[in-house]
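Subject: Structure for your review

Dear colleague,

Please find below the structure that I am passing on to you, followed by a summary of what was found in it. I would be grateful if you could read the two side by side.

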Amino acid sequence: MDVHIVGLGNLGSAFLNGLKDLDVNIYLYDDSNEVRQSIQKNYSITPEKSLTAIRDGVLLLCIKPQNINEFFHTHKDKIEKDVLICTPVAGLEIRTIETNLDNNILRIMPNLLIRDKTGFIPYASNYEGDYLNFIKNILENLGTVKEVEESMFPIITALSGSGPAWYYELSNQLVNSGTELGLSLDDSELIIKELVKALPALVDEDETFKDLVNKVKSPGGTTEAGLNSLNNDSFDTIILDAIRKATQKSTEISKELTNE
Ligand SMILES: NC(=O)c1ccc[n+]([C@@H]2O[C@H](COP(=O)([O-])OP(=O)(O)OC[C@H]3O[C@@H](n4cnc5c(N)ncnc54)[C@H](OP(=O)(O)O)[C@@H]3O)[C@@H](O)[C@H]2O)c1
C-alpha cells in the first residue's frame, strides 16, 4: 500500500516513525526545507516539497487547520477518487472535506504516542467497512483503534489529541514545585521523569483512576494532605475549564473551516 504523508511536523513525523517498519511504501511532502532536511537525515527518505498527482493508496493529511483550505484549493484536482483521505486535522469535519473531494474519508484523532505504536486512535468515516484494510493493516499497528460518533470529536480532541500536553504540563508544575521547595532542577526533573515512566505499569484495565488515587493515599498521610489542598483550590474546576476551552477551540476551528 502507498501512504502519502503531507506535513512532517510533530504529528506527521510521529506517523512516519510508527509506519517505518510496516509493509507500506511511504511518500513524504513538507513545505519546509528545514523539516525536509531533518527527515532526510533521520530516516533516509527524501521528502518532496509538495504533493504531485496521486492515483491510489492513502493520503495522510498532517498539516495545520489554517493551511487546509489553501491545500484543497491547490491540490484537489491532483487527488484521484480511489485515494483514501485520512485526516487528523483538529476541527476538520468530514462534510467540509466532502465539499472539496468525492473520496472515502477517514477522520482520526491520534496523539503523538503513535510514534511508538502506543497511541489511541478514535475514528469516524463516510464509508462502510475497512476501505483498503487501512484500519486493520496500518492503524491497528500504531495503537488502540475505536470507532466513535463524529460529533464527539471536539471533546476527544481535547482529551486525547491534546492529552499528552496535560500530563506534561502537570509534570512541569511538579518539577517547579520541587525546585521551589529546595531540590535542584536536575534532581526534580529526574524524579518526575522516573515517576512518569513507571506509571503505566500501575494502570490496570479493571481499576478506575479514583481507585488508583485511593491506593496511594493513606488516612492522615502526606498524599491526603496534598489532595485536600487540591480540592480546596478547586483542582476539578481548573481541569474542567481547560478541557472545556480546548473543546470549544476545536468547535471554533470547525466553524472557521466551514465558513459558518
Ligand atoms: N501535534 C499533535 O500532537 C497533534 C495531535 C492530533 C492532531 N494533530 C493535528 O495534526 C496536524 C499537524 O499538527 P502538527 O503539530 O504536526 O503541526 P506542525 O508541527 O506545524 O507540522 C505541519 C507541517 O506541515 C507543513 N505544511 C503545511 N502546509 C503544507 C502543504 N500544503 N504541503 C506540505 N507541507 C505542508 C508545515 O510546513 P510550514 O511550517 O513551512 O508551513 C509543517 O512542517 C494539525 O492539524 C493538528 O490539528 C496534531
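With 3 bridges, strand β4 is joined to strand β5 (residues 105–108), and the two run parallel. Please note that this is a predicted model.

The β4 strand and its partners

Within the pairing of β4 and β5, Cys86 stands opposite Leu106 of β5. Strand β4 (residues 84–87) is also joined by 3 bridges to β3 (residues 58–61), again in parallel. In that pairing, Val58 has Leu84 of β4 as its bridge partner. Together with helix α3 (residues 68–75), β3 and β4 form a β-α-β unit, and this unit is right-handed. As for the side chains of β4, Leu84 and Cys86 point one way, whereas Ile85 and Thr87 point the other way; all four residues are buried.

Arg107

Strand β5 also contains Arg107. Is this arginine buried or exposed? Its relative accessible area is 3%, and because the cut-off for burial is under 20%, Arg107 counts as buried. The side chain of Arg107 makes a polar contact with that of Glu150, at 2.9 Å. Beyond the residues up to four places away in sequence, Arg107 touches Thr87 of β4, and its other contacts include Gly91, Leu92, Glu93, Ile94, Pro122, Tyr123, Ala124 and Phe153.

The nonpolar cores

The largest nonpolar core has 29 residues, of which Ile5, Phe15, Leu19, Leu106 and Leu139 touch the most other members. At least two residues of this core come from each of β1 (2–6), α1 (10–19), β2 (25–29), β3, β4, β5, β6 (119–125) and α5 (134–142). A second core, separate from this one, has 26 residues, among them Ile54, Leu59, Ile79 and Ile156. In soluble globular proteins, nonpolar side chains tend to be buried together.

Ile5

Ile5 lies in strand β1 and is buried, with a relative accessibility of 0%. Leaving aside residues up to four places away in sequence, Ile5 touches Gly12, Phe15, Leu16, Leu19, Ile26, Tyr27, Leu28, Tyr29, Leu60 and Cys62. Among these, Phe15 and Leu19 are also named with Ile5 as core residues that touch the most other members. Between Ile5 and Ala90, which are 85 residues apart in sequence, the C-alpha to C-alpha distance is 16 Å.

With kind regards

Technical notes: Residues are numbered from 1 along each chain as its sequence is written. This is a predicted model: local features need pLDDT of at least 70, side-chain atom pairs count only at pLDDT 80 or more; totals for chains, interfaces and linings use all residues. Side-chain values use heavy atoms; hydrogens and water are left out. Buried means under 20% relative accessible area, exposed over 50%, partly exposed in between (1.4 Å probe, protein chains only). Two strands pair if DSSP finds at least two bridges between them. A crossover is right-handed if, with the strands pointing away from the viewer, the path from the first strand over the helix to the second runs clockwise. A polar contact is a pair of N or O atoms within 3.5 Å; within protein, one must be able to donate a hydrogen and the other to accept it, and residues adjacent in sequence count only if both atoms are side-chain atoms. Contact means heavy atoms within 4.5 Å. A nonpolar core is a set of buried Ala, Val, Leu, Ile, Met, Phe, Trp, Tyr and Cys residues joined through side-chain atoms within 4.5 Å.
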